[in-house]
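Q: I am new to this structure and would like a close look at a single part of it. Could you take one helix, describe it carefully, and then place it within the rest of the protein?

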Amino acid sequence: MQVSIACTEQNLRSRSSEDRLCGPRPVPGGGSGSGVTSSHGNPSGGGGNGPKARTVPVARPLGPAAVTHSGALRESAGRGTSMKYRNLGKSGLRVSCLGLGTWVTFGSQISDETAENLMTVAYEHGVNLFDTAEVYAAGKRSSYIITTKIFWGGQAETEKGLSRKHIIEGLWGSLERLQLGYVDIVFANRSDPNSPMEEIVRAMTFVINQGLALYWGTSRWGAAEIMEAYSVARQFNLIPPACEQAEYHLFQRDKMETQLPELYHKIGVGSVTWSPLACGVITSKNEGRIPETCRGTIKSYQWLKDKVQSEDGKKQQVKVMDLLPIAHQLGCTVAQLSIAWCLRSEAISSVLLEVSNTEQLMENLGALQVLAQLTPQKVLEIHWLLGNKPHTKK
């Protein structure tokens with residue numbers, strides 16, 4: 001599915017010409033160019049099998065001084081919205097603390113028109129982080145952040161994994177689908193035991209130096225693997241990962257609470273978390289059923305339906321209902337409480353929302369108001385009800 005919100009008359013009606021994507025716009029490394037492909041699908045005037053690599057100054061890795069600087073990184077509010085912005089780890093990239101994920105819902109559960117509307121509403125409410133491989137938002141290119149993931153590509157052995165060949169060619173293919181000249185963050189979407197770590201880090205450094213991406217991160221990697229990538233980058237003067245993308249919600253806590261905070265403080269790796277509502281399961285509206293908006297209703301996601309209806313899933317539903325009194329005290333829904341709970345950690349740069357309609361989006365964005373009400377006492381009360389707080393190693 002290709003969705004280009006930028007060039008629809010309805011979405012542009014209230015925007016100035018400066019904010020429109022329909023005309024040429026600058027690309028990394030200077031000069032002018034269009035991030036929209038020609039009818040042949042090559043971004044930025046690229047020819048052949050992928051976008052033309054641009055000559056840009058070689059990006060230098062983040063130095064140790066940038067990781068160990070004194071003082072906390074500031075959270076700031078956006079103009080005209082209640083959105084908060086945080087640094088991506090300890091890099092200089094500012095991301096909205098709530099982003100929009102499109103893992104399954106875009107292209108599988110909703111129409112192009114709905115997807116277009118969701119992206120527009122999210123952008124107008126301050127969201128600048130769009131975790132996607134298919135769509136992009138309305139507005140000036142420099143005002144939002146696009147990510148893509150590399151691992152699964154085609155059926156051939158060379159069309160998957162994290163070899164140098166697939167990282168480069170996979171990113172070319174993603175850019176063609178996105179009709180963009182570059183992405184802001186490219187994620188290595190799980191680790192690859194068949195590819196040497198040095199090859200992975202060198203390939204990620206290469207695509208950044210070529211202007212095809214600005215940062216790189218990991219997704220579903222273990223703490224030891226992230227540390228290895230960082231060490232390789234330091235050893236060979238390459239670019240280390242800026243963040244890890246991990247699942248995090250009320251019932252999935254161990255990695256985010258026992259492993260990643262240490263990496264954040266030691267080497268500056270931030271976290272972008274996904275599935276704050278456990279794929280649509282954490283809501284007081286289910287009453288023991290699989291909601292229509294849950295991914296468990298998709299044919300290829302039968303495993304999720306089975307998981308929800310398992311004994312552990314039923315116990316989790318009881319815990320969700322136990323949270324209702326706290327949500328009522330704070331004047332919010334269980335979904336808003338759960339998202340606010342995810343946002344409480346300084347190591348989390350952004351929480352990706354996964355919604356299928358505007359009503360869900362607006363409800364989830366309301367979690368920003370709940371965050372200020374989550375006192376330490378309320379957090380302790382939630383942890384006592386859940387009874388699953390992981391034990392950190394001393």
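**A close look at helix α5**

A: In this predicted model, the buried residues of helix α5 are His-166, Ile-167, Ile-168, Gly-170, Leu-171, Gly-173, Ser-174, Leu-175 and Leu-178. The helix covers residues 164-178, which makes 15 residues, and from its first C-alpha to its last it reaches 21 Å, close to the 21 Å expected at 1.5 Å a residue. An α-helix has 3.6 residues a turn, so residues three or four places apart point the same way. That spacing can be followed in the list of buried positions, which includes Ile-167, Leu-171, Ser-174 and Leu-178.

Trp-172 also belongs to helix α5, but Trp-172 counts as partly exposed because its relative accessible area is 26%, and buried would require a value under 20%. Past the end of the helix, α5 is followed by Gln-179, whose phi is positive, near 60°. A little further along the chain comes Tyr-182, 10 residues from Trp-172 in sequence, and the C-alpha atoms of these two residues are separated by 9.2 Å.

To place the helix in its setting, it helps to turn to the whole protein, which contains 15 helices and 15 strands. Of its 394 residues, 54% are buried, while the surface that the protein exposes comes to about 18,100 Å², with carbon and sulfur atoms supplying 51% of that area. When contacts between residues at least 6 apart in sequence are considered, 71% of them join residues at least 24 apart.

The largest nonpolar core has 91 residues, and among these Leu-98 and Leu-337 touch the most other members. Helix α12, residues 334-343, gives this core its largest share, namely eight residues. Beyond its neighbours up to four places away in sequence, Leu-98 touches a set of residues that includes Met-83, Val-127, Ile-339, Leu-343, Val-351 and Leu-368. A second, separate core has 12 residues, including Val-95, Leu-129, Ile-185 and Phe-187.

Val-95 appears again among the contacts of Ser-349, which also touches Arg-86, Gly-89, Cys-97 and Gly-270, among others. Ser-349 lies in strand β15, residues 348-353, and it counts as buried because its relative accessibility is 1%. A polar atom of the Ser-349 side chain lies 2.9 Å from the backbone nitrogen of Gly-89.

Cys-97, one of the residues that Ser-349 touches, is itself buried, with a relative accessible area of 0%, and Cys-243 is likewise buried at 0%. A disulfide is a covalent bond between the sulfur atoms of two cysteines, and the structure holds zero disulfides.

A last stop is Thr-283, found in the loop between β14 (270-274) and α9 (302-308). Although it sits in a loop, Thr-283 counts as buried because its relative accessible area is 15%. Leaving aside neighbours within four places in sequence, Thr-283 is in contact with Gln-317 and Val-320, and its C-alpha is 9.6 Å from that of Leu-324, which is 41 residues away in sequence.

Note on methods
Residues numbered from 1 in each chain as written. Predicted model: local features only at pLDDT ≥ 70, side-chain atom pairs only at ≥ 80, totals over all residues. Heavy atoms only, no water. Helix = DSSP H or I, 4+ residues; strand = E, 2+ residues; numbered from the N terminus. Buried < 20%, exposed > 50% of the residue type's maximum accessible area, 1.4 Å probe, protein only. Contact = heavy atoms within 4.5 Å. Areas by Shrake-Rupley, 256 points an atom, 1.4 Å probe, with all protein chains shown as cover. Polar contact = N/O pair within 3.5 Å; in protein donor to acceptor, adjacent residues only side chain to side chain. Expected span 1.5 Å × (residues − 1). Disulfide = S-S within 2.5 Å. Core = buried A, V, L, I, M, F, W, Y, C linked by side-chain atoms within 4.5 Å.
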